[in-house]
Structures are given as structure tokens and as C-alpha cells.
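Student: I would like a close look at a single part of this structure. Please walk me through one helix and then its surroundings.

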Amino acid sequence: MNSEFLSTIAIIALFAPLAGFVSTLLLKKWTKNAHYAEMFFIGVNVVAAGTLLVMTAGDLHTLHIISSFNWIQFPGITFELGFQFDSLSIILLFGVALISFLVHTFSLQYMHGDKRYSRYFAYLGIFTFSMNGIVITNNLLMMYIFWELVGLSSYLLIGFWFEKTSASDAAKKAFIANRFGDFGMLAGILLVFVTFGTFSFDGIKEGLLSGILPFNSGFWLSVMGVLLFCGAIGKSAQFPLHVWLPDAMEGPTPVSALIHAATMVAAGVYMVIKIYFLLSADALLVIAIIGALSALIPATIAFTQYDIKKVLAYSTLSQLGLMVMAIGLGAFGNAFFHLMTHAFFKAGLFLAAGSVIYGMHHEQDIRHMGGLKKYMPKTFLAFAIYTLAISGVPLTSGFMSKDAILNATMIYGSLTGNWIFAVVGFGVTFLTAFYMFRLLFRVFIKGNITGVEHHISHGHKVHESPNVMVVPLLVLAALSLFPFFSFNPLSGENGWLMKGMNFASSAVPDGLRYTFMALAGTSVTGYTESYFEASHHYHYIAMALSLLCALGGFGLAYTVYFKEKVNTETYKAKFRPVYTFLYNKWYFDELYEVIIVKFTLLTSRVLFWFDATVVDGLVNLTAFLTRKVSDLGGLFDKYVVDGFVNFTAMFTGLIGLFMRKLQTGKIQTYVAFIVVSIVLLFFFYARQ
Amino acid sequence: MSSFPMLTLLTFLPIIGMVIVMMLPKEKRSLIKITTLVATGLQVVLAGFMWAGFNYSQAGINNPATFQFVERIPWITFDSGSWLGMIKIDYFLGVDGLSAPMVLLTALISFIAAISSWNIERSVKGYFALFLLLDTGMMGTFLALDFFLFYVFWEIMLLPMYFLIGIWGGPRKEYAAIKFFIYTLFGSVFILLVMIGLYLSVNEVTGEGATFHTFNILSMMNPSNYTQDGILSPFNPDNLRFIAFIGLFVGFAIKIPMFPFHTWLPDAHVEAPTPISVILAGVLLKLGAYGIIRFNYSIFPEITRELVWWIALFGMINIIYGAFCAMAQKDFKKLIAYSSVSHMGYVLLGMASLNEVGLGGAVLQMFNHGTITAMLFLLVGVVYDRTHTRGLNDFGGLANNLPVYTGFAIVAFFAAIGLPGLSGFISESFVFLGAFKVESIRLLTIISAAGIVLGAGYMLWTMQRVYLGKLNEKWTDLKDLDFREYTMLVPLAVIVFLLGIFPSIMLDLMNTSINELVNQVTKTDFHSIMSGMK
């Protein structure tokens with residue numbers, strides 16, 4: 001493969017949305033249709049990314065091409081920017097472009113009439129540009145650069161309706177929460193640079209394989225991995241920094257679909273997959289634990305929420321947690337697979353939610369929705385397919401990828417004897433099916449039908465969205481079905497995506513990595529034989545269990561929300577403390593409000609008080625004392641120094657007074673003085 | 001070297017402008033302003049020519065032969081007989097990769113401050129005369145290679161600054177002006193003492209073989225030029241070099257301003273008129289850091305090496321403490337002032353690394369902080385001109401009716417937060433990279449890195465209070481930027497972007513010198529000479 005040609009296309013793909021951003025901002029002064037510039041360039045992005053995929057499709061599983069150039073030169077040190085073409089980057093680049101394009105299209109109608117319409121599209125452009133940069137890079141420095149730019153675009157888009165305090169709060173919260181993660185990531189990057197003298201993934205890998213460890217210690221290798229992972233905790237909204245994502249729903253709904261469901265939040269997962277070769281067993285275990293908590297906690301919150309977008313937000317958190325957990329268990333490929341499938345159906349879910357919100361005239365509370373199937377059949381169809389996919393029902397993409405992750409949890413369990421992650425995985429599968437079908441039933445089939453009818457009878461039309469919105473929904477629904485990922489609906493592992501994946505292996509030295517992971521160069525697959533044996537052994541067991549869990553979740557939702565056989569209110573009353581705890585999202589926001597926000601503000605006030613009173617006080621005190629001393633000096637001057645002068649003058653005067661008595665003016669007196677003086681002189685000299 | 005007195009012109013062009021301003025009748029306000037604009041504008045052009053003629057491969061730092069555009073004329077020479085021998089003070093100017101970025105910054109910021117001074121109404125003539133004098137003082141300080149000459153320029157700067165704050169300032173202007181003046185003067189005393197001590201300890205030999213004491217900074221950097229028994233001579237076992245280092249450091253640290261010597265800054269900023277704040281933050285603060293690098297580092301390298309941990313510590317305190325103090329502010333300008341304290345901490349931290357990346361980052365940060373903070377103060381000035389308030393809680397929702405202004409604010413704020421693609425990111429990252437490499441200050445570096453979270457915290461909070469949210473009804477008829485305001489903000493924004501994406505523009509200019517500086521400070525062996533004596 002010609003790397004120069006690839007780079008050229010990659011550059012086009014990367015910069016097209018930036019061109020869209022700039023041209024839209026420049027043109028919007030003159031024309032109302034400035035957003036078409038962005039539409040054009042996002043189209044270019046899709047075509048270029050698609051070209052890359054088609055060109056490399058044949059040898060995706062071996063593809064590994066680097067193309068880099070010098071950016072900044074110091075004596076002895078060079079900082080590079082560059083591309084890394086491999087299966088991960090090429091597939092995700094296209095995925096991002098495609099979803100971004102669909103969201104752009106959807107937004108044409110959804111955002112219509114907004115007073116900052118073209119600005120909105122410009123922001124989508126700069127977001128896509130930033131995301132492309134993360135995906136295509138070959139080194140951590142460039143990743144960090146685009147990482148921050150993604151943070152900026154997210155800030156701009158969450159706060160797009162900045163007149164609302166809640167929106168500007170959410171934007172700020174998202175950026176700062178991310179900064180906490182970035183702080184760790186930055187420390188990790190510094191550690192990488194000090195250890196390996198390079199930022200590039202290949203360079204780090206080479207260094208590791210040649211036996212270099214940070215501070216020559218396996219412990220610090222784990223620390224390095226966890227620090228880098230901190231970036232993902234922020235960006236992929238993992239526990240304990242997950243709190244920003246639900247709030248981010250303040251942004252326009254298509255933005256939630258693109259950024260806070262499909263792409264940006266996937267960046268963290270993607271980054272960890274990129275650096276997996278340096279993750280030691282200890283680091284991976286930490287990652288698995290964080291992932292498990294992030295999968296479980298939001299799943300327990302999701303079914304207590306009433307805002308349609310919030311439910312989806314918590315489900316996103318939970319799914320991201322699953323991916324991260326899978327990485328922690330060594331199943332990088334499966335995590336990436338789920339990342340891809342999830343990107344499509346979750347983008348779809350949010351867009352469908354957007355379609356509902358649009359059709360209901362900006363109503364987001366599911367308590368005011370019901371039976372919408374009748375009014376929005378196409379949206380319902382799409383939403384149903386996504387729901388099946390996320391719940392892991394066969395024939396959907398989600399079934400394959402989730403099954404792959406659950407299988408990995410069981411393999412891990414059998415190889416290490418630690419089954420807790422498997423329990424979490426299946427538990428989350430059950431909860432996911434439950435809260436997703438709850439949503440489907442309450443919004444589209446049963447729910448508050450009378451309320452909606454009442455609403456309509458008052459002249460408010462509830463309508464299906466226009467085609468420009470519905471078509472993206474249907475495209476995404478199609479992409480949530482199995483054939484796009486694997487022709488065998490029961491086995492994602494044999495699909496093109498998984499087969500095409502470049503399973504490079506761990507570079508962590510023996511003894512520091514999972515026993516079932518192979519060292520780079522010793523195995524094509526990245527795993528030892530035992531792993532595959534376990535994989536075959538548990539494949540169908542995992543599948544059966546996962547189906548059972550999904551079915552259980554569905555069954556419960558069916559009973560409660562379709563048959564409406566259970567009065568939820570009585571259960572709420574029965575488990576009031578638990579329900580309140582879950583409904584209030586485990587009180588994370590309140591906790592952070594106290595331990596972070598309040599504490600920081602208090603510290604800042606105390607320190608400023610210290611600054612104004614003590615530090616500056618000392619300065620003023622010095623000035624005051626100096627003035628007092630100078631006053632004293634003045635007194636000393638007046639009474640002592642000047643007094644002495646005056647005294648001298650007075651004394652001189654007194655002597656003069658006395659002396660002038662001698663000045664008689666008579667020659668006889670003077671002669672007498674002279675004679676006496678001479679006699680006295682003689683007397684003195686004679687004595688000698 | 002060409003015979004064209006480039007640096008003299010750069011330095012004294014504003015004085016020519018000042019003389020013209022003084023000769024103009026005081027009613028000719030626009031003529032006075034135009035004269036100032038032309039003088040500072042020509043200075044920018046000259047600085048550009050200097051840049052174009054600058055040889056990137058010459059290091060400077062401690063070698064008079066590799067300084068560029070050197071002008072050296074005996075200024076004061078007399079024979080004091082047996083007492084001090086020949087006294088020789090040179091008019092000695094030169095530029096290297098360390099001062100070149102500062103020269104460019106000074107020219108640029110002065111020009112932009114001149115535009116920003118356009119709406120000064122009171123005693124126009126006096127204002128602009130002092131303004132131009134200040135410009136000369138700053139430029140001369142960066143270019144002087146003779147300690148005595150440096151000191152003269154350093155003091156020249158003080159006077160106009162005192163009056164510019166004291167006369168054209170806000171309600172507490174007298175207090176702020178005196179505080180600024182006395183504080184800096186207090187520091188100058190140390191500088192003066194060290195200067196005399198060095199003078200008495202350093203010998204230079206003329207072509208004819210005569211030995212005389214010298215104020216030549218470059219001679220002070222070479223251990224072999226020291227006398228046997230000078231008070232600051234490494235050959236003297238009882239030398240006071242350590243104390244001299246501290247004195248000099250404090251003298252310069254006040255200007256940075258380094259904790260705990262920083263409290264004059266918020267007062268001076270709050271009271272100073274906008275253009276003077278711009279100059280204060282944009283150029284004056286850099287003089288402190290520049291002084292430490294040029295003098296402390298190169299003349300006292302052996303003590304510098306011993307004290308890097310302390311420099312890093314104070315850098316860290318500046319970063320974290322400044323950020324916390326900024327967060328507590330209710331006055332827009334005071335907030336930016338404290339953010340300056342925080343951002344100058346990065347300069348100290350980078351300096352403490354004593355390696356190319358860290359020091360390069362520090363000097364770049366000096367330049368970047370100059371442009372970014374100048375922008376921030378201009379932005380505060382823009383709303384202050386319109387609303388006559390700076391209370392952070394008096395605004396809200398300005399993005400609604402001032403979209404362009406808000407756009408510039410986003411650029412400046414995010415540059416200050418260290419967003420990649422904007423210049424602040426590059427210098428901050430290099431500071432971290434350089435400092436983290438040094439084991440002894442690694443922990444301090446990590447703590448300092450928490451500044452990126454705090455920085456985002458107070459900047460975004462400010463952003464929200466001023467620009468986002470519902471428009472405060474008081475400000476519904478505010479106008480967006482006018483042409484004059486564009487002309488000050490656009491160049492700065494362009495530079496912020498340009499240096500964010502192509503930092504090599506500035507780094508290449510400094511690299512050779514920074515490399516030599518690292519050599520000078522890490523390798524020059526004042527110690528072994530001393531131990532050789534023992």
C-alpha cells in the first residue's frame with residue numbers, strides 16, 4: 001500500500017470538516033445557507049474515509065502503515081505529528097464520518113429555525129475534525145491535542161443554547177470533569193515521554209519490547225497505564241467522573257447522538273484499545289473494575305429516570321462501562337466490536353428520541369408520552385430495532401458484540417477463577433433489556449395514551465418527522481442488523497470486522513501481563529491457546545445465558561409496562577429509600593458539590609483572604625513601620641541632630657559672648673596679653 | 001555586522017516620538033496620538049527587520065562574538081587612580097535568541113497599547129510622552145549588555161509607569177502607583193548592590209593589555225575574568241555569591257511577580273488604565289523572568305544549580321496559589337491579574353528544569369503569556385469602556401448581543417486554559433515535559449499540572465458569568481467591537497493561533513541560544529575553580 005497516497009486521502013478526510021467549520025463561519029455573514037458548506041465538507045469526509053476503507057479492505061488484518069513528519073524541533077528532541085493506518089483507525093474513521101454525516105442530515109430539519117443555525121453546523125464540523133484527529137493519529141501527543149479539541153467542541157455544543165443556565169452549567173461541568181481525567185492522562189504522557197523518549201505508539205512498543213520500564217519497575221508500568229486510562233475515565237465518562245454525561249443532554253439532541261453517544265465518548269475506549277500493548281495485568285484489573293462499576297451503577301439509575309434522553313444517557317454510560325470492562329479483561333477486539341455496533345444503534349436511539357421530541361414539540365418527559373407508535377410509525381420501527389440491538393436480541397449487531405463481551409467475561413472467569421465480572425456483565429444485560437423495553441413500551445405502545453390524546457385534542461399535532469429526519473433513522477436501523485458486521489448472525493467473531501481486526505499483541509514483559517495474553521511476536525492472535533480453548537468452550541454457554549438475561553429483562557418490562565400488571569407506585573413506596581437513592585443517581589452530584597466544588601471555592605476564599613490579609617498585610621505593615629521609623633527619624637533629626645547643631649551654635653555664641661570681653665580695643669591690654677603669653681611660653685619650653 | 005544602528009533606533013525611536021509629542025501644542029490631541037502610533041508602528045517594522053536579519057545559528061548568551069546587531073561605544077571612562085583603577089561603562093547593546101522574542105513582544109505590545117490608548121482624554125500630551133518613555137525603557141532593558149546601562153533603563157521604566165498609573169488610573173491610583181514604585185525600587189536596591197559587587201570582582205583586559213573593572217555582563221559569565229579577591233569572585237573563599245544570587249533573584253522576582261512578592265500586581269492592574277495594564281502584563285512581568293535568566297542563571301550558574309528545587313517550588317506555588325486566588329475574585333481585572341500570577345508560575349517551573357525543552361517552554365511561555373494576557377486585558381477594557389464596571393456578577397449573557405467580542409474572548413480564554421491549537425498549550429506542555437524530566441522537581445511538576453484543572457475551573461466560570469446565560473437587561477444596547485478594537489485584537493488572535501499551530505516560528509528563533517544557555521548554566525564550572533583554590 002502506498003503510504004503517501006493513503007496520507008493524502010487521510011489529510012483530506014481529516015481536514016474536510018475543519019474546512020467546513022471555517023467556511024461556514026466565514027460565509028454565515030453573507031448567506032443564510034452557509035451550513036451547506038459544512039454539509040459539502042462532511043460529504044467529502046465520508047467519501048475520503050470510505051475510499052480509505054475500500055482501498056485497504058483486502059489486507060486490513062495486517063495493515064500497519066505509519067506516516068509522520070516533524071512538527072517541532074529542539075536540539076536533540078523532535079516532536080512528530082503523524083498518521084497510523086491500521087484496522088482500528090480506518091474502520092472507526094469511516095464510522096465517525098458516516099454517523100456524523102447522518103447526524104448532519106438529521107439536524108438540517110431538527111435545528112431548523114434556530115437563530116444560530118449555521119453556527120451549529122460549524123460546531124459539528126470542528127467536532128468531527130477533532131474526532132478524526134484522535135482516530136488517525138500515531139502518537140499520544142497528537143492524540144492529546146485532538147483530545148482537548150474534542151473537549152472544546154463538546155463544550156461549545158453542550159452549551160449551544162447558552163442562554164439557559166442549565167446548559168452553560170452542563171458545558172462547564174463537562175469540560176472541567178474532563179480536565180480532571182486529562183490531568184491524569186497528561187501525567188501518564190509525561191511518564192511515557194521520560195521513559196521512552198517518544199510519544200509514538202510504535203516507539204513505546206519497541207521500547208517496552210527491548211526491556212525498558214518506567215523507573216525500571218513493573219509497578220510504575222501499571223501506574224503509567226492507569227494514568228493514561230484516566231483520560232478515558234473523563235472522556236468516556238467512566239465512574240467516578242461519569243457525572244458530566246447525563247447533564248450533557250442539555251445540548252441539542254442530534255449532538256447527544258453524535259458526541260455523547262456514538263463518537264466522542266467512544267474516544268476514551270478507543271484510546272485504551274490503542275495503548276493496550278502497554279497495559280500490565282494490574283492496570284487492566286483496575287480498568288476492569290472501573291468498567292464494571294461504570295456498567296452497573298448507571299444501569300441501576302436508568303430505569304428510575306423519566307427524561308427520555310437521560311435514560312439513554314445512563315444506558316450509554318452503562319454500555320461504555322461494558323466496553324471498558326471488556327478491555328480490562330483482555331478482550332480488546334470485542335470491546336472495539338461493541339464500540340462500533342453501539343455507535344450505530346445508540347446514535348439511532350438518540351436521533352429517534354430527537355424525532356419524538358420534535359414530534360411532541362419539545363416534550364422530553366416520558367410520563368407525558370404514550371402510544372406514539374400510531375403517530376410516528378417509522379420512528380417507532382427504528383426505535384424498536386435499536387432497542388432489540390442494545391438489549392442483545394439475535395439478528396442484531398448488538399447481540400453479536402455484547403455476546404462477544406459476555407463470552408470474554410466467562411473466559412476470564414474460567415482462566416482466573418474470578419467470576420465477578422461475568423456476573424456484572426449478565427446483570428447489566430438484564431437491566432439493559434429491562435429499562436430499554438420500559439422506554440419502548442411507555443413511549444410508543446402503552447404509557448400515557450390518554451395524556452397524548454388529550455394533548456392532541458387541544459390542537460397540538462403529534463406528527464411523524466419529515467423524511468430528512470426519518471431516513472437517517474432508517475439507515476442507522478439497518479446498520480444495527482447483523483449482515484453489516486457478520487453474515488453469521490450467531491457469531492460476530494467470524495464477521496469481516498472481527499476477522500479484519502489487527503490483533504497486535506501485548507508488549508508487557510512476562511509476569512506482568514495476564515497469563516493468557518501472548519507477547520508480541522510469539523502469537524498472531526495475541527492470546528495463548530488456553531484462551532481459545534476456553535473461548536470455544538464458553539461460546540454457546542455465554543450466548544444462552546445472555547439470551548436468558550435479555551429475555552428476563554424483556555419479560556419484566558413486558559409484565560410491568562405492557563401488560564401493566566404491576567403497580568409501580570406500590571413498589572416505589574415499598575422500596576422508598578432504595579428508589580430515592582437510585583432516582584437521585586446515587587447522590588454523586590451532591591457529593592461532588594460538597595467535596596469538590598464547595599471545597600475548592602472555600603480554599604480559594606481562604607487563600608485569597610490569606611493573600612489580602614497576611615501577604616499584602618505584611619507589605620502594608622512594612623510600609624507602615626517604615627513610615628513610623630521615618631517619623632522617629634524625623635524626631636531624632638529635629639531634637640538630636642538638629643538639636644546638636646543648635647546647641648553648637650548656642651555654645652559658639654556663648655563663647656563669643658565671653659571672648660568679646662577680651663576685645664577691649666586698647667593697645668595697652670593687648671601688649672600686656674602678649675607679654676604674659678611670651679613669659680608663659682618660655683616657661684613651658686624651659687621646662688622641657 | 002552592519003553599521004546601521006538597528007538596536008539604538010529600536011530603543012530610541014520612541015524617545016524621538018516623545019520629543020515630537022513634547023513640542024506639539026497640547027490641543028493637537030490627534031496629532032499627538034498619531035505621532036505615538038507612528039513611532040510604535042515604526043518600531044514594529046524595525047523589529048521585523050531585525051528578525052529578518054537575525055542569524056538563527058548564532059547563540060549569543062555569553063559570547064560577545066555571537067551576539068547580533070551589536071553596538072558598543074565607550075560611554076563613561078575615567079581613571080580613578082589607585083582606588084578603583086579605570087572605570088569604564090559601555091553603551092553596549094546586542095540581541096540573541098533570548099532577547100529577540102522579547103524585543104518582538106515589546107514592539108508589538110507597545111503598538112497595540114498605543115492603539116488602545118486612543119480613548120485617553122485627560123492630559124493627552126503628558127500621557128503619550130510618558131508612554132513613549134516607558135517604551136524606550138523596556139526596549140533598552142532587553143537589549144542592554146552592560147549592567148550599568150541595563151540598570152539605567154530599568155530605572156527609566158519605573159518613572160513613567162508610576163505616573164501613568166498614578167495620574168491616569170482608577171480610584172485608588174495613588175496607593176497602587178506608590179506600591180508599585182516602592183516595591184520595584186526596593187528590588188532595584190538589591191540589583192544595584194549586586195551590580196557594584198560584580199563590577200568590583202570582574203576584570204576585563206583591553207587590547208593594550210591594561211586591566212580594568214567592567215560592567216560587561218558577558219565578562220561576568222566567564223569565571224576566568226574574576227579577580228582573586230573580589231567580593232563576588234569564586235576565587236575568594238569568603239565570597240558572597242550565594243547572598244548576591246538571592247538578592248538579585250528577589251530583585252527580579254518582584255517583577256515576575258513571584259509569591260510572596262506579588263501583591264503589588266493586582267492593585268496596579270486594577271487601578272491602571274487598560275493600555276497600561278496591557279503593557280504591565282504583556283511586557284513588564286517578562287522583565288523579571290528575563291533578568292533571572294540573563295543574570296542569575298548565566299552569572300551564578302553554580303548557585304542556580306543548587307537552588308532549582310526552590311525555583312520550582314515557587315513556580316508551583318505561583319501556579320496553584322495564583323489559580324485559587326483568581327477563583328475568589330469578583331473583579332474581572334483582578335481575576336486576570338491573579339491568572340497572570342498563576343501563568344508566570346509556569347515560566348518559573350520551566351526555568352527550574354535547566355534543560356532545552358523546559359527553558360524553551362519558559363521563554364515561549366513568556367512570549368505567549370504576553371500576547372494572551374494582553375488580549376485578556378483588552379477584552380476587559382472593551383466592556384469596561386462600555387459599562388464602566390468590571391464586577392464579574394454585573395454581566396451575564398454578553399454572547400447574545402456581542403457575538404464577535406465573545407468569539408475573541410473564547411479564543412483568549414481557551415488560550416489561557418491551554419487549549420491545543422492555541423499558543424498557551426505549546427509552552428505549558430514544554431514546561432511540563434522539561435520539568436518532569438528532572439527527577440528532583442518531578443513531584444512539584446505533577447502538583448503544578450493540577451493547575452490545568454484549576455485554570456479551566458476559574459476561566460470557564462468567568463466565561464459563564466460574563467458571556468453565557470440570559471442577557472442582563474442593563475446591557476441590551478451594548479455595541480459589538482468597533483474598527484479600532486478589531487485592530488488591537490486581530491493581530492494578537494492571529495499570533496495566538498499561529499504559534500499554537502506552528503510554534504517553530506518562535507522556537508527556531510530561540511533554540512540555538514537556549515541550547516547555549518543550558519550549556520552555560522549546567523556546565524560552567526565556578527565551583528571547581530574554587531575547590532582548586534583550596
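Tutor: Here is one helix, followed by the chain contacts and a single residue. This is a predicted model: local features need pLDDT of at least 70, side-chain atom pairs count only at pLDDT 80 or more, and totals for chains, interfaces and linings use all residues. Residues are numbered from 1 along each chain as its sequence is written, and chains are lettered from A, ligands numbered from 1, in the order in which they are written.

Start with α14 of chain A, residues 332–359. Helices here are DSSP runs (H or I, at least four residues), strands likewise (E, at least two), numbered from the N terminus. α14(A) has 28 residues and reaches 40 Å from first C-alpha to last. That is close to the 40 Å expected at 1.5 Å a residue, taken as 1.5 Å times one less than the number of residues. The helix has a kink of about 30°, centred on His342(A). The bend is the angle between axes fitted to the seven residues ending at a residue and the seven starting there. Of its 28 residues, 26 are buried, so α14(A) is largely enclosed by the rest of the structure. Buried means 20 or more other C-beta atoms within 10 Å of the residue's own, exposed 12 or fewer, partly exposed in between, with C-beta atoms placed from the backbone. After the helix comes His361(A), with a positive phi near 60°.

Now the chain contacts. 37 residues of chain A are in contact with 39 of chain B, contact being C-beta atoms, placed from the backbone, within 7 Å. α6(A) gives the most to chain A's side, 14 residues.

Last, Ala612(A) sits in helix α24 of chain A. Ala612(A) is partly exposed, because 14 other C-beta atoms lie within 10 Å.

Conventions. Two residues are in contact if their C-beta atoms, placed from the backbone, lie within 7 Å.
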